[in-house]
Amino acid sequence: MDFFENLSPTMQIIVSILGVAILFFLVFANTKKNNAKQRGRRRRKFGEGLKDREKNV
């Protein structure tokens, strides 16, 4: 981490805060995507899907 050590202490703090903020937003976006997928799974019903598959065969 030669690059990071060459920065002034103030810039190190700013870069660290920006890094944490970027990671926070990435985790937030991933959680939102996962929740949307999970809600879609809850709405589906097993019996209806089975009937549709039987009709298509």
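**Close-ups of a three-phenylalanine cluster and its chain**

**View 1. Phe24, Phe25 and Phe28 are joined into a cluster by ring pairs.** This is a predicted model. If you're tallying ring contacts, the count comes to 2 aromatic pairs. One of them brings together Phe24 and Phe25, which meet edge-to-face, with 5.5 Å from centre to centre and 70° between the planes. The other is Phe24 with Phe28, a stacked pair with centres 6.3 Å apart and planes at 20°.

**View 2. Phe24 and Phe28 sit about one turn of the helix apart.** Both belong to helix 2, which runs over residues 9-43, and 4 residues separate them. The 20° between their ring planes counts as stacked because the cut-off for that label is under 30 degrees.

**View 3. Phe25 is the exposed partner of Phe24 in the edge-to-face pair.** Its relative accessible area comes to 54%, and Phe25 is called exposed because that label takes anything over 50%.

**View 4. Pulling back to the whole chain, we get helices and no strands.** There are 3 helices and 0 strands, so the pattern along the sequence reads α-α-α. The C-alpha trace spans about 70 × 20 × 10 Å along its principal axes. As for the radius of gyration, the chain has 23 Å, while a compact globule of 57 residues would come in near 10 Å.

**View 5. Here's the chain's surface and its charges.** Just 2% of the 57 residues count as buried. The accessible surface is about 5700 Å², with 63% of that belonging to carbon and sulfur atoms. The chain carries 12 positive and 5 negative charges, and their mean positions lie 13 Å apart.

Technical notes:
Residues are numbered from 1 along each chain as its sequence is written. This is a predicted model: local features need pLDDT of at least 70, side-chain atom pairs count only at pLDDT 80 or more; totals for chains, interfaces and linings use all residues. Side-chain values use heavy atoms; hydrogens and water are left out. Rings of Phe, Tyr and Trp (its six-membered ring) pair if their centres lie within 6.5 Å; planes under 30 degrees apart count as stacked, over 60 as edge-to-face and the rest as tilted. Buried means under 20% relative accessible area, exposed over 50%, partly exposed in between (1.4 Å probe, protein chains only). Helices (H or I, at least four residues) and strands (E, at least two) are DSSP runs, numbered from the N terminus. The radius of gyration is taken over C-alpha atoms; the globule rule is 2.2 Å times the number of residues to the power 0.38. Accessible areas come from the Shrake-Rupley method with a 1.4 Å probe; for residues, only the protein chains shown count as cover. Lys and Arg count as positive and Asp and Glu as negative; His and the chain ends are not counted. The place of a charge is taken as NZ of Lys, CZ of Arg, CG of Asp or CD of Glu.
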